[in-house]
Amino acid sequence: MAISTAFNNLGKTVMHWVDETGALAIFLGRSLLKVFHYRQPPFIIQQLYYIGAKSIHIVALVGLFTGMVLGLQLYYALTRVGSTGLIGMVIVIALVRELGPVLTAIMITARAGSSMATEIGIQRMSEQIDALHTMRIDSIGYLVSPRLTACIISFPLLTALFDLIGILGGYISSVFMLGLNGGNYFYGVRTSLDINDITGGFIKAIVFGIIVCTVCCFQGYFTHMRSDGHGAKSVGLSTTSAVVISCVLILVADYVITALIL
Amino acid sequence: MDTPLIEFRNVVKRLGGRIVLDGIDLQIYEGEVTVLIGKSGSGKSVLLKHIIGLLAPDEGEILFRGKPIGNMNRTEWDKHMSRISYMFQNNALFDSLTVYENIALPLRQTTHLAKKEINKRVMSRAGQTELTGEVSKYPSELSGGMQKRVALARALVTDPEIVLFDEPTTGQDPVRRNAILGMIAEYQKKIGFTAVLISHDIPDVFFIANRVLVLYEGKIVFQGTPQELEGFKHPITDEYIQSIKAFKEKVSGMDSRRHFTGQP
């Protein structure tokens, strides 16, 4: 009996995840269909400002300290084996291939993704999305597509900014503060990086942008269908789910893309 | 009688395990103001949301000019929706948009009208709903009554053929309440739209009603003219009459007190 109940629960959980994944895929498909609609540009510009421009400060700050802490850690680690000349190379590879896209995506999820889920969730609970339906306005096209486009554009740009500031951060800590040779640092940066690293980083950033936007908007859009809460509580729960699921999927996708690229 | 514009045939709707609409049969005729009355929580809004497709019946069917709306293809459904406007009970205004942008939204998103024409229409509706000075404000900066008028202006800005009003006068002072009812009646005569109105403003709303529907315990228990409703014997009419009577007694009680104390 207990085994039967366990299998029953497992089946339900699997079916739930299959349903959710299917719904998420349809949601993404419908959002992509409206990306090129002629009414979109003003809304895309607005979202570029909210998602992209307003994230610049936080991404730059995190990038700076990530680079600085990398410089610091690597300096002491590589001093032991007498390879401090490799610091620039290790920092740039770590930043461009992994840390840049992943940390940028997580920072944007925390700043803009959570606000997407909350805003759309509130619009759902206050019947604004129903109002769009009654006015014959495609709610996904109106609310999600501009955000998706803005994420696809801004994630790679912010990742590039993160990488650049991170490299400068590594320079500040290892050269200015710890006295490493600046020429060595930039020589390592310049010689270790090839176009595949940069392309790979951008591919990751674009995929993360799609994941974050789709998951956050999806959670907000279907706030009213949550079984674990109603009203304001369900909006809060949707926001939490949006951030947690996005972060987990970013890391999973990072592994998958890395495995495919390498 | 003519073919109804909208007809419900044995519509059943269950929500959260409760039967909200229990075999609804009703007819709404073109060019008329139909008032739907019933106690709070009796399913009036649920019924209205079926007409615009926000909810679908669990059983039964809804016909538009004799054609089941459940069988409409995308083009037919789009055409059906383009005729209807809906004013939500809770207004459903976009709080991140100004009053002007809220009213202009359906015109900007679903028509190809020039900016100048959109501006003309929006300002005209804003003027009629006494909102000219408020167009640049956000809904959160307005009173509940004003927000209601913004929702009303948005519902009418597309010149719809059918307008569904979910308690349009709730939260309005008596002067504005009568003004809104008057405006609905005036526009109905001028434009000739079909109005379906949920209201608790009895008997005021009967002055503009051509037909009255009474929803009671999930069923339509009365369909007819306001005059016919006077002779209708049912627990729901007793409840309404009693409430009106109780209100009158209160008022007359105040009058007698004033008379007794000599206060103005």
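## Strands side by side in chain B

Strand S6 (residues 84-87) of chain B runs parallel to S7(B), and four bridges join the two. This is a predicted model, so please read every value here as computed from it. One place to look at this pairing is B:Ser85, whose bridge partner in S7(B) is B:Val163.

S7(B) also pairs with strand S8 (residues 194-198) of chain B, again in the parallel sense, this time over five bridges. Here B:Val163 turns up once more, standing opposite B:Ala195 in S8(B).

## A strand wrapped up inside

Is strand S7 of chain B enclosed or open? Five of the five residues of this strand (residues 162-166) are buried, so S7(B) is largely enclosed by the rest of the structure. You can follow the directions of its residues too: B:Ile162, B:Leu164 and B:Asp166 point one way, while B:Val163 and B:Phe165 point the other way. Both groups are buried.

## A buried residue in a loop

Now move to the loop between S6 and H3 of chain B, where you will find B:Asn91. Its relative accessibility is 7%, and buried means under 20%, so B:Asn91 counts as buried. Which residues does B:Asn91 touch, leaving aside those up to four places away in sequence? They are B:Gly144, B:Gln147, B:Lys148, B:Ala151 and B:Arg154.

## Chain A, a chain of helices

Chain A has ten helices and zero strands. Reading along its sequence therefore gives one helix after another, in the pattern α-α-α-α-α-α-α-α-α-α. The C-alpha atoms of chain A fill a box of roughly 65 × 55 × 30 Å along the principal axes.

Of the 262 residues in chain A, 46% count as buried. Take the contacts in this chain between residues at least 6 apart in sequence: 84% of them join residues at least 24 apart.

## Two helices to explore in chain A

Helix H10 (residues 231-261) of chain A has 31 residues. From its first C-alpha to its last it reaches 44 Å, close to the 45 Å expected at 1.5 Å a residue. Its buried residues include A:Ser234, A:Val235, A:Ser238, A:Ala242, A:Ile250 and A:Ile257. A general point helps when you look at a list like this: an α-helix has 3.6 residues a turn, so residues three or four places apart point the same way. What do the buried residues of H10(A) pack against? They pack against H4 and helix H9 (195-221) of chain A.

Helix H1 of chain A holds A:Val18. With a relative accessible area of 49%, A:Val18 is partly exposed. A:Val18 and A:Gly236 are 218 residues apart along the chain, and their C-alpha atoms are separated by 24 Å.

## The largest pocket

How much space lies in the largest pocket? The volume is about 1,100 Å³. Its lining has 31 residues, and those closest to the centre are A:His133, A:Arg136, A:Ile137, A:Asp138 and A:Ser139. By class, the lining is made of 13 nonpolar, nine polar and nine charged residues.

Both chains take part in this lining. In chain A, helix H1 (2-33), helix H4 (87-125), helix H5 (128-134) and helix H6 (139-143) each supply at least two residues, as do helix H2 (74-83) and helix H3 (99-110) in chain B. Which helix gives the most? That is H2(B), with four residues.

Technical notes. Residues are numbered from 1 along each chain as its sequence is written. Chains are lettered from A and ligands numbered from 1 in the order in which they are written. This is a predicted model: local features need pLDDT of at least 70, side-chain atom pairs count only at pLDDT 80 or more; totals for chains, interfaces and linings use all residues. Side-chain values use heavy atoms; hydrogens and water are left out. On a 1 Å grid over the protein atoms alone, a cavity is a set of points where a 1.4 Å probe fits but cannot get out, and a pocket is an open set with protein on both sides within 12 Å along at least five of seven lines; lining residues have an atom within 4 Å of a point. Grid points are joined across faces, edges and corners, and a volume is the space filled by probe spheres set on the points. Ala, Val, Leu, Ile, Met, Phe, Trp, Tyr, Cys and Pro count as nonpolar, Asp, Glu, Lys and Arg as charged, and the others, Gly among them, as polar. Buried means under 20% relative accessible area, exposed over 50%, partly exposed in between (1.4 Å probe, protein chains only). The expected span of a helix is 1.5 Å times one less than its number of residues. Contact means heavy atoms within 4.5 Å. Two strands pair if DSSP finds at least two bridges between them.
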